[in-house]
There are 2 protein chains.
Amino acid sequence: MDLSIGEVAQRSGLSVHALRFYEREGLFANPVRRLSNGRRIYHEEDLEWLAICTKLRSSGMSLATIRQYIDLARQGPGNEHERLELLRRHESDVEKQIRDLQETLQVMRYKVRIYEEHVVRGEADRLWNPSRPE
Amino acid sequence: MDLSIGEVAQRSGLSVHALRFYEREGLFANPVRRLSNGRRIYHEEDLEWLAICTKLRSSGMSLATIRQYIDLARQGPGNEHERLELLRRHESDVEKQIRDLQETLQVMRYKVRIYEEHVVRGEADRLWNPSRPE
DNA sequence: TGTTGATCTAGACCCGACTCTAGGTTCTAC
DNA sequence: GTAGAACCTAGAGTCGGGTCTAGATCAACA
């Protein structure tokens, strides 16, 4: 039932270094407990939380903001509004990222199409060269 | 017709520091020319390129990869395939980012909905608290 | 019993992408 | 002719997010 740091590293995809670092930074919901010999023990919930954490990180939430969230959750009931607000802010943040990426994608596809046409016509030199913009 | 570094900074949204840094890093398609007094002069094309550059950056392309692209373009005709490949790689990279973000969004919306239901029912303490996962 | 491997701590180091500083020159306006 | 803004170079500093090292302890197996 108990998991060692090595097992958690394997299953979460984070390095053992990163797990210790996250702990120092206060990113664990439950303070990580120790065996009598000083070794850390983790549980399934920690893995679940790390999975969410990783999603938040990879969607651009900073460790500082994750810590804010954790701090709110640790304080217990009474700040649900703040927690929701924080999540909603990130939600709209992610929506904006998606819109921006989609726009970039449009531009890139357009450029690539032009490139391809040039290549086909053997006008290779004029391929999207920043000094000779289309 | 000529633009000073300050004007380019204003219009590109990059700092003058960043512009000099980009130049050192070889990120300009055309080597930046100088006035006799040593001051840099830029042109509209540079702004166009910087706009694209900024899009590439903000969609996660590293400066190193942008430099690769520039290097290919500088070498002139003969490497169109490589240029296209580089662009296509980034294209699929961006597509993956979008998919990942969309997935994160799904998860977040689900969590937020659960939160909201709990708040409505006054069961505040159980709001997405990592130690009591839903 | 002794070596290998996992863990521990504290703290140094790294990387990308800037950002800023110091010290100097040049341009513009009054 | 002088103040102040804009520019120059070289190089140091910053920040986020880890990563790595040294030196010690501990566990497991042959």
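Which elements of chain A and chain B each supply at least two residues of the surface near DNA strand D? Let's start there. From chain A, the elements are α2 (16-24) and α4 (63-75). From chain B, they are α1 (5-12) and α2 (16-24). Keep in mind that this is a predicted model.

Now, who gives the most? On strand D, α2(A) has the largest share of the surface, with 3 residues. There are 17 residues around DNA strand D. The nearest are A:S62, A:L63, B:S4, B:G6 and B:R40. So much for names; on to classes. The surface near DNA strand D has 6 nonpolar, 7 polar and 4 charged residues.

Next, strand C. Here 17 residues surround DNA strand C. Coming nearest are A:S4, A:G6 and A:R40 from chain A, with B:N37 and B:L63 from chain B. Two or more residues each come from α1 (5-12) and α2 of chain A, and from α2 and α4 (63-75) of chain B. For strand C, the largest share is that of α2(B), again stated as 3 residues. By class, the surface near DNA strand C holds 6 nonpolar residues, 7 polar ones and 4 charged ones.

On to the symmetry. Take chain B and rotate by 180°, with 0.0 Å of shift along the axis. That superposes chain B on chain A, at an RMSD of 0.1 Å. The two copies are therefore related as by a two-fold rotation axis. Which residue of chain B comes closest to the rotation axis? That is B:I98, whose C-alpha sits at 2.8 Å.

Last topic: the protein-protein contact. How many residues of chain B are in contact with chain A? The count is 42, and they meet 42 residues of chain A. On the chain B side, α3 (44-58) and α5 (80-120) each give two or more residues. The most come from α5(B), with 24 residues. In classes, this side of chain B that touches chain A has 19 nonpolar, 10 polar and 13 charged residues.

Why do the copies meet through the same surface? Because 100% of the interface residues of chain B are also interface residues in chain A.

To recap. A 180° rotation takes chain B onto chain A. The side of chain B that touches chain A draws most on α5(B). At the DNA, α2(A) has the largest share near strand D, and α2(B) has the largest share near strand C. That's the picture.

Key. Residues numbered from 1 in each chain as written. Chains lettered and ligands numbered in written order. Predicted model: local features only at pLDDT ≥ 70, side-chain atom pairs only at ≥ 80, totals over all residues. Least-squares fit on C-alpha atoms with pLDDT ≥ 70 in both. Contact = placed C-beta atoms within 7 Å. Near = placed C-beta within 6 Å. Helix = DSSP H or I, 4+ residues; strand = E, 2+ residues; numbered from the N terminus. Nonpolar A, V, L, I, M, F, W, Y, C, P; charged D, E, K, R; others polar.
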